[in-house]
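Let's take a walk through a protein together. Keep the picture open while you read, and follow along with a finger or a mouse.

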Amino acid sequence: MNFRITRHSGFAAPEDALDLLWERLGGKREDASFVRGRTEIRATWGIDIPVAVERDEREELGRTAILDIVRGACEQAPALKSDWFAVSPRR
């Protein structure tokens, strides 16, 4: 499943917030891989979920997993706040 990490519009994230997060995420973490884009970080979550699970449920599981990875990266870097970022499905 594919997701995008962007700056959250509801929080005053600095202009370089995605750059700072990218430095912490690198290319692969846990069950996800990340690619830096111009205005977002693209994430691919690699867990196989049965097709019997509804699409919106699969997306929410993946979104939560990516968000947990982002939170973990932010906890390791005092200069980052997880509230600065939003995770949404890429379609």
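What follows goes from the whole chain to the sheet, and then to a few single residues.

One thing to know before we start: this is a predicted model. With that in mind, begin with the parts list. The protein is built from two helices and five strands. If you trace the chain from its N terminus, you meet these elements in the order β-α-β-β-β-α-β. The radius of gyration is 13 Å, close to the 12 Å that the globule rule gives for 91 residues, so the protein is as compact as a globular protein of that length. Its C-alpha trace spans about 40 × 25 × 25 Å along the principal axes.

Now for inside and outside. Of the 91 residues, 33% count as buried. The accessible surface comes to about 5,700 Å², and 47% of that belongs to carbon and sulfur atoms. As for charge, there are 15 positive and 16 negative side chains, and the centres of these two sets lie 5 Å apart. Residues distant along the chain also get together: if you take the contacts between residues at least 6 apart in sequence, 58% of them join residues at least 24 apart.

On to the sheet. Strands of a sheet pair through backbone hydrogen bonds, either parallel or antiparallel. Which of these do we have here, parallel or antiparallel? The pairing is antiparallel, and the five strands make an open sheet in the order β2-β3-β4-β1-β5. At the edges sit β2 (28–29) and β5, each of which pairs on one side only.

Let's look at β1, which covers residues 2–7. One of its partners is β4 (residues 41–45), and the two are joined by four bridges. Asn2, for instance, has Thr44 in β4 as its bridge partner. β1 also pairs with β5 (residues 85–89), this time through five bridges and again in the antiparallel sense. You can pick out two of the facing pairs by eye: Phe3 stands opposite Pro89 in β5, and Arg4 stands opposite Ser88 in β5.

Move along to β3 and β4. These two are antiparallel and share five bridges, and a hairpin of four residues connects them. Here you can find Arg36 standing opposite Ile41 in β4. β4 has two distinct faces: Ile41, Ala43 and Trp45 are on the covered one, while Arg42 and Thr44 are on the uncovered one.

Time to zoom in on single residues, beginning with Ala32, which is found in strand β3 (residues 32–36). Is Ala32 buried or exposed? Its relative accessible area is 1%, so Ala32 is buried, given that buried means under 20%. Setting aside neighbours within four places in sequence, Ala32 is in contact with Gly27, Thr44, Trp45, Ile66 and Ile69. Take Thr44 from that list: the C-alpha atoms of Ala32 and Thr44 are separated by 5.4 Å, though the two are 12 residues apart along the chain.

Now compare Lys28, which lies in strand β2. Its relative accessible area is 59%, so Lys28 is exposed, as the cut-off for exposed is over 50%. Lys28 and Thr44 are 16 residues apart along the chain, with their C-alpha atoms separated by 9.4 Å.

Last stop: Glu59, in helix α2 (residues 55–75). How does it count, buried or exposed? At 9% relative accessibility, Glu59 counts as buried. What is Glu59 in contact with, leaving aside its neighbours within four places in sequence? Its contacts are Met1, Phe3, Pro89 and Arg91. Two of those names should ring a bell, as Phe3 and Pro89 are the pair that stand opposite each other in β1 and β5. So when you rotate the model, try finding Glu59 on its helix and then looking across to Phe3 and Pro89.

Conventions: Residues numbered from 1 in each chain as written. Predicted model: local features only at pLDDT ≥ 70, side-chain atom pairs only at ≥ 80, totals over all residues. Heavy atoms only, no water. Rg over C-alpha atoms; globule rule 2.2 N^0.38 Å. Buried < 20%, exposed > 50% of the residue type's maximum accessible area, 1.4 Å probe, protein only. Contact = heavy atoms within 4.5 Å. Areas by Shrake-Rupley, 256 points an atom, 1.4 Å probe, with all protein chains shown as cover. Lys, Arg positive; Asp, Glu negative; His and termini not counted. Charge placed at Lys NZ, Arg CZ, Asp CG, Glu CD. Pairing = 2+ DSSP bridges.
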